[in-house]
Amino acid sequence: MSTLGLQFRSREDVSPVDVEVPKPSSEPARAPKVRSVRPFVGGVGPDAPEGPQAVLIEDYPPYGVTRSHFHAVDQYHIFFGSEGSWYQRSPIPALGVHYADAYATYGPFGTDEVSLTFFALRATPSRMIAYMPESRDQLKYRGRRHAFLDVGEALVLASNDEESQWTDLIQEHDDGLHAEVARMAPGASIDLPPLPDPSPGRYIFIAAGDLVQGDMHHAEGCLAWDPGDVPAGPLYAGARGCNLLVLQMPQCTVPSEYQ
Ligand SMILES: [Fe+2]
């Protein structure tokens with residue numbers, strides 16, 4: 001059996017873990033102090049190991065609000081929009097990708113009476129969260145890039161007679177930041193492009209359909225971290241086709257004098 005570099009995990013593979021959520025003193029009392037999350041990659045809390053950290057947040061509460069804030073690490077989110085969920089002034093789409101450089105302020109976001117589910121995806125863990133405007137003193141400099149993208153197209157599977165297609169969500173930057181949707185026709189082989197060198201790696205999320213990896217079938221909702229150091233092995237779209245989000249992390253954007 002060949003070595004498989006990508007380890008896809010489903011929600012069922014990952015037990016929930018309780019973590020304390022740092023919050024500003026001004027946050028409403030209804031916000032939870034402890035949140036149950038599923039660490040798909042890496043760990044959570046003070047003992048989180050160095051290296052990638054992917055967390056699924058499922059118990060974001062009804063009427064929850066996350067105020068504008070920033071972190072000390074570069075980060076993607078994958079949002080699964082629910083009725084009444086919002087990011088700034090817009091509804092969160094059925095599937096949304098958000099990216100923010102470290103020290104780029106983003107949000108606010110929240111939801112109405114239905115809870116909200118999303119992934120937070122990082123190349124390295126950090127427990128720092130700084131709300132604005134009261135934590136302005138922690139904003140050592142301003143991160144440049146942040147974007148919120150509607151990727152509903154990734155929920156629509158390609159038909160048998162369609163060509164497989166890669167579409168840029170975020171065009172490739174010199175530091176390796178690059179986000180794409182791959183829509184693979186049923187049974188098509190999937191050739192992941194090589195990662196830049198150097199690169200921390202990338203996340204691969206199955207947005208729709210099934211992925212066949214050796215003798216394993218991975219369904220939509222599965223996530224893997226690809227550090228790029230081991231060949232992924234042959235990958236194929238399943239009988240329904242397969243849509244992937246391929247979210248490549250940049251080299252750490254924090255200037256060395258601020259690390
Ligand atoms: Fe955040």
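Me: Call a residue buried if 20 or more other C-beta atoms, placed from the backbone, lie within 10 Å of its own (exposed: 12 or fewer; partly exposed: in between). What percentage of the residues in the protein is buried?
Reply: This is a predicted model, where local features need pLDDT of at least 70, side-chain atom pairs count only at pLDDT 80 or more, and totals for chains, interfaces and linings use all residues. Numbering starts from 1 along each chain as its sequence is written. Of the 259 residues, the buried share is 36%.

Me: How many helices and strands does the protein have?
Reply: Both are DSSP runs, numbered from the N terminus: helices are H or I of at least four residues, strands E of at least two. The count for the protein is 0 helices and 20 strands.

Me: Which strands stand at the edges of the open sheet of 4 strands?
Reply: The order is E4-E10-E7-E8, with antiparallel pairing (a pair needs at least two DSSP bridges). Each edge strand has a single partner, so one side of it lacks a neighbour in the sheet; these are E4 (65-66) and E8 (90-91).

Me: Which residue of E10 stands opposite Thr66?
Reply: E4 and E10 (residues 109-110) run antiparallel and are joined by 2 bridges. Opposite Thr66 stands Phe109.

Me: Which strand gives the most to the largest nonpolar core?
Reply: Such a core is a set of buried Ala, Val, Leu, Ile, Met, Phe, Trp, Tyr and Cys residues joined through C-beta atoms within 7 Å. The largest one holds 53 residues, and Ala54, Tyr203, Phe205, Leu223 and Leu245 have the most contacts inside it. With 7 residues from the run 202-213, the top contributor is strand E17.

Me: Which residues does Phe205 touch?
Reply: Contact means C-beta atoms, placed from the backbone, within 7 Å. Phe205 is among the residues with the most contacts inside the largest core. Leaving out residues up to four places away in sequence, Phe205 touches Ile78, Leu223, Leu244 and Leu245.

Me: How far apart are the centres of domain 1 and domain 2?
Reply: The domain assignment, automatic or from a database, gives domain 1 (11-150) and domain 2 (155-248). The C-alpha atoms of the whole protein fill a box of roughly 55 × 45 × 30 Å along the principal axes. Taken over C-alpha atoms, the separation of the two centres is 24 Å.

Me: Which strands each supply at least two residues of the side of domain 1 that touches domain 2?
Reply: The contact involves 16 residues of domain 1 and 14 residues of domain 2. On the domain 1 side, the strands are E2 (34-41), E6 (75-80), E9 (96-100), E11 (116-122) and E13 (146-150).

Technical notes. Contact = placed C-beta atoms within 7 Å.
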